[in-house]
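Got the viewer open? Let's take a short walk through this one, one selection at a time.

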Amino acid sequence: KLAWRRIRSRTKQAVKSLFSGKALPPQHAPSPEVILQAFADFRDRITVQHIDIGRRALIRAVKRLKFDVVLPAVHSLGTDFPRPWVGYAYDFQHKYLPQHFTPDDCRSRDEHFAEMLTQAKSVIVNSRAAAADIAKFVSQATARVFALPFAPAPGGDWLEDCPAVLSRYDITPPFFIISNQFWIHKDHTTAFAAFHILAENDREIALVCTGSTVDSRSPEYFPGLIAQLERWGLKQRVHILGLIPKRDQIELLKHACAVIQPTLFEGG
């Protein structure tokens with residue numbers, strides 16, 4: 001069902017692109033191979049099961065595989081789900097930056113969080129700030145909320161030098177790095193403006209960016225950034241790599257002067 005849904009969606013986009021004359025939007029989600037590779041280091045402790053999309057398919061899998069609990073559920077599984085489940089609430093960015101969302105998107109997010117926080121018994125969030133926002137914006141919430149901030153868990157091989165990675169991407173120090181998706185609230189605009197000032201006084205320094213270049217809320221955002229770099233004559237000094245393997249990203253981080261995080265809002 002999931003494969004068919006993806007084919008149908010892509011076909012619709014292709015037909016719309018053909019008649020409108022606009023280019024087909026790029027795919028920006030990690031491939032199944034990339035996702036599986038992320039679990040490769042834990043293959044002795046994690047079993048990957050391929051489950052079809054939809055609540056009924058999940059219920060069948062839960063019973064067949066004898067799951068004790070399902071987590072994290074990014075959508076409510078309902079109060080009648082046959083196994084205990086833990087929800088996940090990402091963030092309330094639409095309350096702080098409503099200009100980045102349509103009114104329908106804001107309403108949809110409000111309804112989503114209200115459903116999740118009244119139907120789940122327990123919900124996890126990435127930060128204490130997100131937990132505080134639940135108390136602030138979802139007064140009817142009945143779920144217990146657990147803040148589980150991200151914790152560093154470096155792989156042993158991350159400490160080994162892999163200089164070939166820099167050569168593969170044609171990058172030489174010194175450089176700064178930004179590892180953010182090119183979403184409008186990540187504010188590459190400010191970082192690029194700062195780099196423009198720095199680059200005038202330092203002819204050697206470069207800037208490396210990793211992460212998806214697609215923002216469905218603002219499709220013109222990334223092309224606008226590229227146009228600005230071209231006007232400043234900095235396109236060759238700002239290396240935009242897109243989504244890359246985690247191990248490659250780690251190697252780039254190790255050789256950077258510093259990590260830059262110019263974000264306007266972080267759920268985590």
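Start by selecting S122 in β3 and R144 in β4: these two are bridge partners. Keep in mind as you look around that this is a predicted model.

Now widen the selection to the whole of both strands. β3 and β4 run parallel, with four bridges joining them. To see how the chain gets from one to the other, add residues 128-137: that is helix α6, and the path goes from β3 through α6 to β4 as a right-handed β-α-β crossover.

Next, go to the strand pair β2 and β3, residues 85-88 and 122-125. Three bridges hold this parallel pair together. For one of the contacts, pick Y88, whose bridge partner in β3 is I124.

Time to zoom out. Show the strands together and you have an open sheet of four, in the order β1-β2-β3-β4, with parallel pairing. Which strands stand at the edges? Select 70-73 and 144-147: β1 and β4 each have a single partner strand, so one side of each has no neighbour in the sheet. Turn the view to follow the twist, which averages 25 degrees from one strand to the next.

Last stop: helix α5, residues 103-119. Put a distance between its end C-alpha atoms and you should get 24 Å; at 1.5 Å a residue, the 17 residues should span 24 Å, so the two agree.

Then show side chains on C106, R109, H112, F113, A114, M116 and L117, which are buried. What do the buried residues of α5 pack against? Colour β1, β2, β3 and β4, plus α4 (93-96) and α6, and you have their packing partners.

Technical notes
Residues are numbered from 1 along each chain as its sequence is written. This is a predicted model: local features need pLDDT of at least 70, side-chain atom pairs count only at pLDDT 80 or more; totals for chains, interfaces and linings use all residues. Side-chain values use heavy atoms; hydrogens and water are left out. Two strands pair if DSSP finds at least two bridges between them. Axes are lines fitted to C-alpha atoms, for helices over the stretch in contact, and angles run from 0 to 180 degrees between N-to-C directions. A crossover is right-handed if, with the strands pointing away from the viewer, the path from the first strand over the helix to the second runs clockwise. The expected span of a helix is 1.5 Å times one less than its number of residues. Buried means under 20% relative accessible area, exposed over 50%, partly exposed in between (1.4 Å probe, protein chains only). Contact means heavy atoms within 4.5 Å.
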